Structures are given as structure tokens and as C-alpha cells.
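Subject: Structure handover

Dear colleague,

I am passing on the structure we talked about, and below it you will find my notes on what came out of the analysis. Please read them alongside the coordinates.

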Amino acid sequence: MIVIKTKEEIARMREAGKILAACHQEIAQRIKPGVTTQEIDQFAEQFILKHGATPEQKGYHGYQYATCASVNDVVCHGFPGKYELKDGDIVTIDMVVNLNGWLADSAWSYGVGNISQQARHLLDVTKKSLFLGIEQAVDGNRLGDISHAIQVYAESEGLSVVRDFTGHGIGQEMHEDPYVPHFGPAGKGPRLKEGMVITIEPMLNTGKFHTKVDEDGWTARTRDGSLSAQYEHTIAITADGPVILTEL
Ligand code: MF3
Ligand code: CO
């Protein structure tokens, strides 16, 4: 069941989203060779708490951290830890902010120091694919229109779209209906309606789309060891078109 949100509820999610966006802006300044993903995680947690919100991922199905920190071949759900970021790495920081019971979810990939042309291309195309998806998030379209726009562009740039993880509805729960694949045919799936709030969060790989999960039960990697990037926003479908809730 897709939960439709009122304007007031969307406004609350927007406030959570602003805190999240401000946190990403600070993280962008802190991503440097020698910094550990645990330091980034601790910064994010403190930032969220300082703004009167809580990190929703911490404790979610036993997940122990405020953020996911996914380096290089890690697709998503990497654990923050003692790993020191090094020149040439790419890292995706994903987090969910809870402000008075309403949630916002956003992930961003960052290059560390000087990155390869291949990594730069992956980041640029993944970010652009998110915005092409967002353009399709309009009342009257089908969910598949979002999915298709992302897949066509990503594949035209020689990248693959991860199948095993998708976007999702969000509100008072982190994961609500519908699930939002980043691949598939246009014109299919539920019709998008004013008041729906979803995440769009394409994960693109330089190699094949297949993933595998580590022994820890969380860390998802590309099977072929290729690089993976992800950009995610929380989007409200409104009478005035798509509204990005997770920007300043
Ligand atoms: N933020 C993620 C998403 O985009 C979910 C993270 S899983 C968690 O759907 F366990 F870390 F919370
Ligand atoms: Co997320």
C-alpha cells in the first residue's frame, strides 16, 4: 500500500531533508586522504543529533552505524570503520535523518583526492542519471518511466545498473511501498500521484551489474570487483512537479 502524504507531512520531511543536505555539505569538506570512514560516521551522527534529529539507520534491523560508507567496489551498506580513505578512492555516504518521526534519505558519492578518469565518469553519469530519473517523477507518469530514463542513460554511457537494490517509498517508515527499480520498461508500474514520496537512488557499476554480500550480511560488492557509485535523493511528487526534499 502506497501511503499518500499531506502537504504538512511533506513539509516535515523537507525539514529532515535540509538537515541531511547540510550534513552532506559538511562531509564533502571532510573527505580527504587519511580520514577514516568511522570519523565521517561519528561526525554525521553528532551533526544530526546537534540539529535535534536522530540517525534512523542506527539500530535498523541490527545495523550499528549512522551512515553506510561504501568504498570503491562496495555497492551499498558498507560499514564505517578504521579504513583510511586514500587518494583515488571513491566513497558513497548514505544516511537517513529522523526529525520528529518523519524521515529523509540521501546518499552521495565522493572522490578522494585525485581520481581516475574512469571514476570521474562513473560519478558524473550516476549523478546525472539520478536527475534524469527525478525529471520523470511527475503526477500521471508511471513508476517505470523513472526506471527507464535511468537505465537508458546509464547504459548509453557504458555503465550497468544494479538490480539487487532499489529505491523505495518513505515517510514515517524508512522502507514503504512502492519499490523503485532503476531499470525496466517505461509505461509500466503504478501511476505516480501527488503526495507520494519516494527515494531515487541509482547504483551504477563500471563492470557488470551483479552483486554479492560479504559474510557480515550487509556489505554488498560488485561481483567482478568493478567500481560502483550511488546518488540518492528523497522526492515528493506534487502538483508543481517533483520536489527534492534532501537539498538545502
Ligand atoms: N539508506 C538506505 C536506502 O537508501 C538504507 C540503508 S540500510 C541500513 O534505502 F540498514 F543501513 F539502514
Ligand atoms: Co539511503
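The largest pocket is the space that ligand 1 takes up, and please keep in mind throughout that this is a predicted model.

Around ligand 1 there is a shell of 14 residues, of which Gln57, Asp94, His168, Glu201 and Glu232 are the closest. By character, this shell divides into six nonpolar, four polar and four charged residues. Several side chains make polar contacts with oxygen atoms of the ligand: for His168 the distance from a polar side-chain atom to an oxygen of ligand 1 is 2.8 Å, for Glu232 a side-chain N or O atom lies 3.0 Å from a ligand oxygen, and for Asp105 the corresponding distance is 3.1 Å. Of the 340 Å² of accessible area that ligand 1 has on its own, the protein covers 97%.

The second item is the cobalt ion (ligand 2), whose protein donors are two OD entries from Asp94, one OD from Asp105 and one OE from Glu232, at 2.0 to 2.7 Å from the ion. Along the chain, these donors follow the spacing D-x10-D-x126-E. The site has six donor atoms, with angles among them of 53 to 172°, and is classed as irregular. For reference, six octahedral donors would ideally give angles of 90 or 180 degrees.

Asp105 and Glu232 thus appear in both parts of this note, as donors of the cobalt ion and through their side-chain contacts with ligand 1.

Best regards

How values were computed: Residues are numbered from 1 along each chain as its sequence is written. Chains are lettered from A and ligands numbered from 1 in the order in which they are written. This is a predicted model: local features need pLDDT of at least 70, side-chain atom pairs count only at pLDDT 80 or more; totals for chains, interfaces and linings use all residues. Side-chain values use heavy atoms; hydrogens and water are left out. A residue is near a molecule or strand if one of its heavy atoms lies within 4 Å of it. A polar contact is a pair of N or O atoms within 3.5 Å; within protein, one must be able to donate a hydrogen and the other to accept it, and residues adjacent in sequence count only if both atoms are side-chain atoms. Accessible areas come from the Shrake-Rupley method with a 1.4 Å probe; for residues, only the protein chains shown count as cover. On a 1 Å grid over the protein atoms alone, a cavity is a set of points where a 1.4 Å probe fits but cannot get out, and a pocket is an open set with protein on both sides within 12 Å along at least five of seven lines; lining residues have an atom within 4 Å of a point. A molecule sits in a cavity or pocket if more than half of its atoms lie within 2 Å of its grid points. Ala, Val, Leu, Ile, Met, Phe, Trp, Tyr, Cys and Pro count as nonpolar, Asp, Glu, Lys and Arg as charged, and the others, Gly among them, as polar. Donors are N, O and S atoms within 2.8 Å of the metal (3.2 Å for Na, K and Ca); water is not among the atoms, so sites may look incomplete. Four donors count as tetrahedral if all angles lie between 85 and 135 degrees; four count as square planar and six as octahedral if opposite donors are over 155 degrees apart and all others between 65 and 115; anything else is irregular.
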